[in-house]
Amino acid sequence: MKKSIRFISLASCLLALGLMQGCATKVKASTASNPAPSEAFSAYGRINLKPATFKPGYKGSAAGLAKIEENLAKDLAPSLKTWNQTTTNGRTLTIEPVVEELEFTRGATRVFLGPLAGSSGVLMRIKITDAEGKVVATPEFFQRADAMAAGFLFGVHDNLMLTRVANLASAYVINNYGRAQGGPTGADDKAIAVK
């Protein structure tokens, strides 16, 4: 009987320790708000969206990257169609989404390990340049999925994190079309890296 109680106590302590260590994501943002671009995007006659990629040398979840790209394309398609139907002025803007960090816990791992699989997090930057390669803006976007919430909902929060980061990036592009004004990164105080 005493051995059973000790075993249960030890198992509980190990589980609690695992939960505490696996909860936080290492992915951090550098700021809570993005500065305005050098000019409003409406100054350009054509706006092109490139496929999302990982930063050079970074290896992450291909499925997570594909989900981000799918959401960006879906969010921006109606606006890009409208904007690109206007008379061209010879100026072109290119939007290049680059995922710098992605901790993404996928379905089966999340289902079997739940909160023990840890939190998910994503940091993406969109590089916005003109036809000459001049940088117009490089906003960053951050989102995370808490280990406990994601674990108990079998990964729904992990997938929603990818949708939310794409929504933030799309909103930045749309909101800075008519007037250069910047926008949020999606990070709160706890998600900003200490310098």
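**Exercise 1. Work out how well strand E7 is covered, and which strand it pairs with.**

Start with cover: strand E7, residues 140-145, has five of its six residues buried, so it is mostly covered. Buried means under 20% relative accessible area, exposed means over 50%, and partly exposed is in between (1.4 Å probe, protein chains only). Strands (E, at least two residues) and helices (H or I, at least four) are DSSP runs numbered from the N terminus.

Before going on, a word on the source: this is a predicted model, where local features need pLDDT of at least 70 and side-chain atom pairs count only at pLDDT 80 or more, while totals for chains, interfaces and linings use all residues. Residues are numbered from 1 along each chain as its sequence is written, and side-chain values use heavy atoms, with hydrogens and water left out.

Next, the partner: strand E5 (residues 120-130) runs antiparallel to E7, and six bridges join them. DSSP has to find at least two bridges for strands to count as paired. In this pairing, Gly-121 sits opposite Arg-144 of E7.

**Exercise 2. Describe the surroundings of Gln-143.**

Step one: place the residue. Gln-143 belongs to strand E7, and at a relative accessible area of 10% it is buried.

Step two: list its neighbours. Leaving out residues up to four places away in sequence, Gln-143 touches Gly-121, Val-122, Met-161, Arg-164, Val-165, Leu-168 and Gly-186. A contact here means heavy atoms within 4.5 Å.

Step three: check the polar side. A polar atom of the Gln-143 side chain lies 3.4 Å from the backbone oxygen of Gly-186.

**Exercise 3. Find the salt bridges and say which parts of the chain they link.**

The whole structure yields four salt bridges. The criterion is a side-chain nitrogen of Lys or Arg within 4 Å of a carboxyl oxygen of Asp or Glu. Take the pairs in turn.

- Arg-91 pairs with Glu-39, with the closest N and O atoms 2.7 Å apart. These residues are 52 apart in sequence: Arg-91 is in the loop between helix H2 (62-83) and strand E4 (92-103), and Glu-39 is in the loop between strands E1 (33-34) and E2 (46-49). Arg-91 is partly exposed at 31%, and Glu-39 is partly exposed at 23%.
- Glu-100 meets Arg-125 at 2.9 Å, N to O. This pair ties strand E4 to strand E5 across 25 residues. Arg-125 is partly exposed, at 25% relative accessibility.
- Arg-144 meets Asp-188 at 2.8 Å, N to O. Arg-144 is in strand E7 and Asp-188 is in the segment after strand E8 (183-184), 44 residues apart. Arg-144 is partly exposed at 27%, as is Asp-188 at 33%.

To finish, look for shared partners: Glu-100, Arg-125 and Glu-140 are joined into one network by their salt bridges.

**Exercise 4. Sum up the whole chain, then decide where to be cautious.**

Count the elements: there are five helices and eight strands, in the order α-β-β-β-α-β-α-β-β-β-α-α-β. Of the 195 residues, 39% count as buried. Among contacts between residues at least 6 apart in sequence, 78% join residues at least 24 apart.

Now check confidence. pLDDT is the predictor's confidence in each residue, from 0 to 100. The average is 81, and 73% of the residues score at least 70. Over residues 10-23, though, the pLDDT is below 50, and this stretch has 13 contacts in the model beyond near neighbours in sequence. Residues 107-117 also have a pLDDT below 50, with 27 such contacts.

Conventions:
Polar contact = N/O pair within 3.5 Å; in protein donor to acceptor, adjacent residues only side chain to side chain.
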